[in-house]
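Dear colleague,

I am handing over the structure below, together with an account of what was found in it. Please read the text alongside the sequence and the 3D view.

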Amino acid sequence: MSAGSTEEPRVRLRAAIAGLPAYKAGAPAVPFEGTAYKLSSNENPYPPLPGVLKAAVAAAEEINRYPDFASGALIEEIARFTGVPADRVAVGTGSVGVLQQLVQATAGPGDEVLFAWRSFEAYPIITQIAGATAVTVSLRSDETHDLDAMAEAITERTRLVLVCNPNNPTGAIVPRAELERFLDRVPKDVLVVLDEAYVEFVRAEDYPDGVAISLDRSNVCVLRTFSKAYGLAGLRIGYAIAAEPVAQALRACAVPFGINLVAQAAAVESLRSQDALAERVSELVAERERVMAALRQIDLAGRYGVELHDSQANFFWLRLGARSVEFAQACEAIGVTVRPYPPDGVRVTIGEQEANDRVLGVLRSGF
């Protein structure tokens, strides 16, 4: 600073932060003459399960107190539900919050985090925040993980491998046999994370049991969330199932009191409402299959050059390329907000039937 200058010295910030890609949340529903719908975030269109809101309201009466630091009741309920010892469970602010704890615990400057692309948008952001290097492997032409290429991309610097299953935003799964072959090739000191945010919507018979695999392989961790099927996106709560040393490291990296008491109470009650959850998820899956059947009747390949692939999540993916933004704008014009990922494609969440039918109408029209 020159003599006589009044300019204050700038606080020194990490260069990695300045170059972070921005996380783009799903846009809200737009003003519309009639009912507007938001299909841009993979949210549950239904309210919380019966009894969950009551439990949350009751817990809110004590918000003058800190929540249980250890989330003991919730961890015990997750352990019971998944059939694992409680010392293998860790919780966080959504599965993405737990993932950030995982990256902090495993990777830093000079280390590599490996994942497919395109996949969950938060992966490269979290990696860069930790100072690690993101290594990406392109999806195959059928929108699935290229696990052979991913195995070849593992180096001595690889600390973490992320496998989104089903994959966001494409909805494709990694079958059991493929995953097992891949895991056989991964060094035992490299942690593999199975991100199962959409596991409840899967109906494929060859989908792997991630929890069972994590019990058999100490370098496998499973991520799950209450944001999707359980409809608790606004409370931000997720969990991991991992070997005890990994779960312990996750707890060490957690923000103290990060899981608020309302979220803890709602999640516990949600886990105790499996019959109601199964009914609700079945309705969403049935609507997904109805929409996918309608999409197959539209000449997507002839009109748009789009090959439709199966989705096992609560959304579907259209690789519209250069027309992605145009399609999103056409949907917005009729009161439906979807999620474009230019220049690749568009993800559309399965929502209310009226909203889904409007999207189908846009595709039939040629937009």
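A good place to begin is Phe-115, which stands opposite Thr-136 in strand S4. Please keep in mind throughout that this is a predicted model. The pair belongs to a longer run of bridges, since S3 (residues 112-117) and S4 (residues 133-138) pair in the parallel sense over six bridges. Five of the six residues of S3 are buried, so this strand is largely enclosed by the rest of the structure.

Both strands are part of an open sheet of seven strands, whose order is S2-S8-S7-S6-S5-S3-S4 and whose pairing is mixed. S2 (89-92) and S4 are the edge strands, each having a single partner, so one side of each is left without a neighbour in the sheet. On average, and with direction ignored, neighbouring strands here are turned by 25° against each other. Elsewhere in the sheet, S7 and S8 run antiparallel and are joined by four bridges, and Thr-225 stands opposite Gly-238 in S8.

Two helices can be placed against this sheet. Helix H4 (residues 94-106) packs on it and touches S2, S5 (158-164), S6 (191-195), S7 and S8, with a direction that makes about 155° with that of S7. Helix H5 (residues 122-129), for its part, lies across S3, S4, S5 and S6, and runs at about 170° to S3.

The chain also holds an open sheet of three strands, in the order S9-S12-S11, in which the pairing is antiparallel. Its edge strands are S9 (315-318) and S11 (339-341), each of which pairs on one side only, and the twist from one strand to the next averages 20°. S9 pairs with S12 (residues 345-349) in the antiparallel sense over four bridges, and within this sheet Phe-315 stands opposite Thr-349 in S12.

Turning to the annotations, UniProt lists Lys-228, in an unreviewed entry, for "modified residue: N6-(pyridoxal phosphate)lysine". In the model, Lys-228 lies in the loop between S7 (220-225) and S8 (238-241). Is Lys-228 buried or exposed? Its relative accessibility is 17%, and because buried means under 20%, Lys-228 counts as buried. Once neighbours within four places in sequence are left aside, Lys-228 is in contact with Asn-42, Asn-44, Ala-197, Tyr-198 and Phe-201.

UniProt also lists residues 38-361, again in an unreviewed entry, for "domain: Aminotransferase class I/classII large". The end C-alpha atoms of that span lie 16 Å apart, and the span is 41% helix and 16% strand.

Next comes a helix and what it packs against. The buried residues of helix H2 (residues 52-60) are Val-52, Ala-56 and Ala-59. Seen down the axis of H2, these buried residues fall within an arc of 65°, so they line one face of the helix. The exposed residues Leu-53 and Lys-54 are carried on the face of H2 that is turned away from its buried side, whereas the buried residues of H2 pack against helix H10 (261-271).

Glu-269 has its place in helix H10, and at 24% relative accessibility Glu-269 counts as partly exposed. Leaving aside neighbours within four places in sequence, Glu-269 is in contact with Gly-51, Val-52 and Ala-55. Glu-269 and Ala-59 are 210 residues apart in sequence, while their C-alpha atoms are 11 Å apart in space.

Finally, some values for the chain as a whole. The chain has 14 helices and twelve strands. Its radius of gyration is 21 Å, close to the 21 Å that the globule rule gives for 367 residues, so the chain is as compact as a globular protein of that length. Along its principal axes, the C-alpha trace spans about 60 × 55 × 55 Å. Of the 367 residues in the chain, 52% are buried. Among contacts with a separation of 6 or more, 74% are accounted for by residues 24 or more positions apart.

With kind regards

Key
Residues numbered from 1 in each chain as written. Predicted model: local features only at pLDDT ≥ 70, side-chain atom pairs only at ≥ 80, totals over all residues. Heavy atoms only, no water. Pairing = 2+ DSSP bridges. Axes fitted to C-alpha atoms, helices over the stretch in contact; angles between N-to-C directions. Buried < 20%, exposed > 50% of the residue type's maximum accessible area, 1.4 Å probe, protein only. Arc of directions from axis to C-beta. Contact = heavy atoms within 4.5 Å. UniProt positions renumbered as here; feature names shortened; annotations may be inferred. Rg over C-alpha atoms; globule rule 2.2 N^0.38 Å.
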